[in-house]
Amino acid sequence: MILPFLEMECWTLLCQPAVAMGISVFILAGLLVHCVFLVSIFDIYFSSPLVHGMTPQQTPLPPPAKRLVLFVADGLRADSLYKLNSNSTPPAPYLRSILENNGSWGISHTRVPTESRPGHVALIAGFYEDVSAVAKGWKENPVEFDSVFNESKYTWSWGSPDILPMFAKGATGDHVYTFCYTAESEDFGAQDAAELDMWVFDHVKSFFNSSRSNQTLFSALNEEKVVLFLHLLGIDTNGHAHRPNSREYKENIKKVDEGIKEIALMIDNFYGNDGKTAFILTSDHGMTDWGTHGAGHPSETLTPLIVWGAGVNYPQRVSSQKFEDNLLKEWKLENLKRLDVNQADVAPLMASLIGVPFPLNSVGTLPLEYLNNSAHFKAESMFTNAVQIVEQFKVKMSQKRETTLSFLFTPFKPLSDSEQINYLKKARLYIQQQKYDEAVFSFFYRSTLTLGLLVFAGWPVITQLWAQAKTNASIWTLLCVLLAIFPLMPVVGREPNIPLVIATGLLTLLISCFSLASLCKTKNKYRNKEDLKVYFYQMLSIALSTYVVSSTHDSLKNKQGLPLLNQIISWMTLVSSSVLPLLSSTFLIQRLFSILLSLMSTYLLLSTGYEALFPLVLSGLMFVWINMEQEALQRYGLSLKPKLAVFNFTYTTDITQFRQLHLDDVRRSFFFVFFIVTAFFGTGNIASVNSFDPASVYCFLTVFSPFMMGSLLLLKVVIPFVLVSCAFEAIQVTTQLSSKRYSKCYISASVRVSNLFCKNSELPNLNLSLKTKANQTRNPAQTKPSRSHCYFYLLLRFWFLFNDFYKLRNSFCTVK
């Protein structure tokens, strides 16, 4: 609440003396304020919560296992593993037999963002997302952290180069070893992504076979506190490429099940069936039916957890059990006790099984029901877990005390130094006395935009513009209603519709032909051959984009990969789309239409369904908005209503023609901000910035590349921004109001919108919340802005920042 108040006061102080100050001083002051707010967002929301300096805590009793094997099936949903096939056979027979006869099972509840890096960090290090990892593209953590791997004697890992190096990099000493396939192997267009998992299984077998002739390796493998980590990415890759209900996804699960069976038998034989090996199978995140992950839908947050081997409880038979999700009956598991955990609880479970110190930054709670050990061991393990968390509290409180003014710092009394000592002494006394039981203690609805657009549709009637310009008013109302449909549609990616994308490309070509024919009929002074060439190239670009979308889809569907020619055309189209508008005519309507054609060619390549129509409808509304604002000025007698068709941006502006600020200009500014919000959230492209569909970038690349894919998806989000901003620039110059005066209006409007994205307590949450008790009480997204809101706020800030200094939007309208 403090930031919005300060922002209002700052702008009040800056705007009042703006008339007296020179324009340069005003711009510099605006830059300074915007920079302060930009830095504040990163300081508040993108700083690491991790602390250092804690003392490692380890259970003093001997552990039940000497070694641990961790299988992480990336992207495996709980229902995909537990639910029986249509013929009543299990999708993974070996794992089904384990949970029915040999081990314990349950659901591991993940947290938003349901992505690979934070999921693996939660599993292996015991803490949830560190937002400072945005500086590394979410591929690794910029702040060093402790993990079960780091605390182990030796860890060997096999799998993806995007995951394994993250844990080896921060490890102390040379005891965490990684074996990775190449990054190019992670190709969404590959024939069979299950080969990634086969690579892991084959290399693990080869590794153990080679140890028999390598005494050093053989001795290391027979040490205690050893971890073997198998990262299995094939299921996730097939889920993205073919969807979780596809044959490829289900067959990959079966291959993983067979591979785990072979590895488990091989390891047991290698160690002479000594009964000292613990096994864990889980997943970092699930996946939606449409092949994405990142948000908080149950299909993304419910992941399987099966634990068996040394120190693990056998299946517990029960007559009945209740869970809010009512999945047990569907899975035919209602008589086997289900033991649910939070994802970070897996880290202390692994540490307890092999007797290593709990990871220093772990916030997980040891799930005692998974352990098959004495009450004394459980009590000591829980005590160690509690002390490890208290150690973090001490360091964090000390840091807070040092960075806070003494009269503002208020210690947390229930955990004061004296209370901590009392709690720990009491718990230790109970353990010594063998009293072990006493020792252990708003989703953002996009439909809101629909309501706003429907209100906008009635604007001509309310202001009596209907009688003055019936044609434009009718088109305005129609386009507002059409645009209002998009926020009601499913999030992009759920229902891919390539034929609709192709139809949009053909529709764009048809509109271009009509526009070109109209241009050819105009007088020579309004066109030249160079302009016609540019339009022809842009139409050709639209045609090529349409072809590439169709061709690429067919090629990937037939598992033939991304054609090189298509990839070259896509990248050339992307580059040319930023150049061709600058070469087009500088007459207002022609320049704006040129911008639309160039951006549409790129947008088509990044579309997978109905969202391809969005910029076309939005641009149509923007063209009508420009005309309607001319009608509005005419109604108030504030303009001579210049002919838009002959308005040229290269003409020198007569500052004597600038008019005074009018109440209608405030309305225009709010229209602009609302359209910006609609451009951002209208299609659900960024309903969750985490939950993107990689299919959107398949025309450009299919090999996993977070930075490149993220950049392309950000471009897709920005394109509607550009269309709205260019239209607003056109309105600004054609309504004869100076940028300086207009800036006061849209600054005020942006402040109102920005305030919404700064409030913690009142901020709507973009991420779907899971309706289980665990997520209702522990979901961190309920207490702070979602990442999507922060990104939108930052993008809006950057937009106004650049507008104040460079007036970048003019570059599309004045360069020739």
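Which side chains does a polar contact of 3.2 Å join? The two partners are serine 584 and serine 594, and we will come back to them after a look at the whole chain.

## The whole chain

Welcome to this predicted model. The protein is built with 33 helices and eight strands. Of its 816 residues, 55% count as buried. The area that the protein exposes comes to about 34,600 Å², and 60% of that area is supplied by carbon and sulfur atoms.

## Serine 584 and its partner

Serine 584 sits in a loop, with helix H25 (580–583) on one side and helix H26 (588–605) on the other. Is serine 584 buried or exposed? Its relative accessibility is 2%, so serine 584 counts as buried, the cut-off being under 20%. The side chain of this loop residue takes part in the polar contact with the side chain of serine 594, at 3.2 Å.

## Strand E2 and its neighbours

Strand E2 covers residues 103–109, and seven of its seven residues are buried. In a regular strand, side chains alternate between the two faces of the sheet.

Which strands pair with E2? One of them is strand E7 (residues 302–309), which runs antiparallel to E2 and is joined to it over seven bridges. Within this pairing, glycine 106 has leucine 305 of E7 as its bridge partner. Strand E8 (residues 341–342) pairs with E2 as well, here in the parallel sense and over two bridges. In that case serine 108 is matched with valine 341 of E8.

## A serine in the loop after E7

Where is serine 319? This residue lies in the loop between E7 and helix H13 (328–331). Serine 319 has a relative accessibility of 70%, and it counts as exposed because that value is over 50%.

Serine 319 and glutamate 334 are 15 residues apart along the chain. A distance of 8.0 Å separates their C-alpha atoms.

## Helix H14 and the glycine that follows

Helix H14 spans residues 346–354 and is mostly covered, with nine of its nine residues buried. Among the buried residues are Val346, Pro348, Leu349, Met350 and Ile354. Ser352 is also on the list of buried residues in H14.

What follows H14? The next residue is glycine 355, and its phi is positive, near 75°.

Conventions. Residues numbered from 1 in each chain as written. Predicted model: local features only at pLDDT ≥ 70, side-chain atom pairs only at ≥ 80, totals over all residues. Heavy atoms only, no water. Helix = DSSP H or I, 4+ residues; strand = E, 2+ residues; numbered from the N terminus. Buried < 20%, exposed > 50% of the residue type's maximum accessible area, 1.4 Å probe, protein only. Areas by Shrake-Rupley, 256 points an atom, 1.4 Å probe, with all protein chains shown as cover. Polar contact = N/O pair within 3.5 Å; in protein donor to acceptor, adjacent residues only side chain to side chain. Pairing = 2+ DSSP bridges.
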